[in-house]
Amino acid sequence: MSNYQSILVDRDERVGIVTLNRPNELNALNFQLVSELANALEELDRDEEIRCMVITGAGEKAFAAGADIKEMSDKSPIDMLLGGFENWIRIRRVKKPLIAAVGGYALGGGCELAMHCDMIVASENTRFGQPEITLGVIPGAGGTQRLARTLGKYRTMEMVLTGVQVTAQEMADHGLVNRVVPKGEHLREAVKLAKEVAARGPIAVRLAKQAVLASFETTLEEGLEMERKNFLLLFATEDKREGMQAFIEKRKADFKGR
Ligand code: CO8
């Protein structure tokens, strides 16, 4: 595993855990951190031992309080294009499931990073928000789109146009948070959820993630076609044989990812 300065990379059985590690800056996402995060996630994505990844923030106060405002303040559009966006696209393309373990502030790019993940576990002290409007800009890593697809137009407008902070429970009520847990429990609960995913067949998990994500980007007809093809593809795997045989023999399946 590579050496990183702004993140920590750990593993717990088949779960890779990446910690955003700038607690004194509330884990503000500077260019280096996002680049390291993309590198680490791609490395874990290639690692056959790892089946699911959790992203969390160091310290009690924040998952991430957004992109690094001090770093961004004198940047040009071209600096932002070259220094920033490519790495966010790399995170979006990770094939294994990502779970955000969120405690404290998840603002701006922090909220957007959580929404890049496939599931979100948040502690009850979490505050989500898109405060970019208070800085004279707007969300740039998917906030307007991903919030609107989950919360709908009206609540998203309020968040994006005012910068208001929203509780984990309210986000859960809107379907944007999977589990709200007591303060300090978010990482433990996210790893528990990740281990549940990691016990499933990794090829099926990968193709399931791809199919669900397609529902945001295609027509129903195209999405159904992709689901059907992925379903059929899985009938060529050893894991399908193992999963069905294990059911018949009343034992736990041992999936190999083949
Ligand atoms: N950037 C840089 N430094 C930060 C950030 C940030 N986003 N957030 C906090 N910090 C720093 C503070 O400057 C402070 O440092 P110092 O001790 O040196 O003064 C330290 O972290 C602690 O912060 P505070 O003292 O402010 O802590 P408080 O508890 O008083 O307040 C808040 C906590 C409310 C979270 C407050 O820090 C805050 O409002 N932070 C900024 C939130 C924000 O506006 N986020 C949006 C940023 S813009 C963005 O995310 C655009 C995403 C674009 C993605 C695409 C990129 C290519």
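**Exercise 1. Place Arg200 in this predicted model and describe its surroundings.**

Solution.
Step 1. Arg200 sits in the loop that joins α8 (186-198) to α9 (202-214).
Step 2. The relative accessible area of Arg200 is 46%. Buried requires a value under 20% and exposed a value over 50%, so Arg200 is classed as partly exposed.
Step 3. Once neighbours within four places in sequence are set aside, the contacts of Arg200 are Arg51, Val205 and Phe255.
Step 4. For a distance, take Val137: 63 residues separate Val137 from Arg200 in sequence, and their C-alpha atoms are 42 Å apart.

**Exercise 2. Give the strand order of the open sheet, and identify its edge strands.**

Solution.
Step 1. The sheet has 6 strands, and they follow the order β1-β2-β3-β5-β7-β10.
Step 2. Pairing in this open sheet is mixed.
Step 3. β1 (7-12) and β10 (179-181) each pair on one side only, and these are the edge strands.
Step 4. From one strand to the next, the twist averages 20°.
Step 5. At the β10 edge, the partner is β7 (residues 119-123); the two strands run in the parallel sense and share 3 bridges. Within this pair, Val121 has Arg179 of β10 as its bridge partner.

**Exercise 3. Determine which strands α4 lies across, and whether its residues are buried or exposed.**

Solution.
Step 1. Helix α4 covers residues 109-116 and lies across β2 (15-20), β3 (52-57), β5 (98-102) and β7.
Step 2. Relative to β5, α4 runs at about 140°.
Step 3. Of the 8 residues in α4, 8 are buried. They are Gly109, Gly110, Cys111, Glu112, Leu113, Ala114, Met115 and His116.

**Exercise 4. Describe how α5 and α6 pack, and classify the residues that make the contact.**

Solution.
Step 1. α5 (residues 143-151) and α6 (residues 153-162) pack at an angle of about 140°, and 7 Å separates their axes.
Step 2. The crossing of α5 past α6 is right-handed.
Step 3. On the α5 side, the contact is formed by Thr144, Leu147, Ala148 and Leu151. On the α6 side, Lys153, Arg155, Thr156, Met159 and Val160 take part.
Step 4. An α-helix has 3.6 residues a turn, so residues three or four places apart point the same way.
Step 5. Sorted by class, the contact between α5 and α6 comprises 5 nonpolar, 2 polar and 2 charged residues.

Key
Residues are numbered from 1 along each chain as its sequence is written. This is a predicted model: local features need pLDDT of at least 70, side-chain atom pairs count only at pLDDT 80 or more; totals for chains, interfaces and linings use all residues. Side-chain values use heavy atoms; hydrogens and water are left out. Two strands pair if DSSP finds at least two bridges between them. Helices (H or I, at least four residues) and strands (E, at least two) are DSSP runs, numbered from the N terminus. Axes are lines fitted to C-alpha atoms, for helices over the stretch in contact, and angles run from 0 to 180 degrees between N-to-C directions. Contact means heavy atoms within 4.5 Å. Buried means under 20% relative accessible area, exposed over 50%, partly exposed in between (1.4 Å probe, protein chains only). A crossing is left-handed if the near helix is turned anticlockwise from the far one by less than a right angle, and right-handed if clockwise. Ala, Val, Leu, Ile, Met, Phe, Trp, Tyr, Cys and Pro count as nonpolar, Asp, Glu, Lys and Arg as charged, and the others, Gly among them, as polar.
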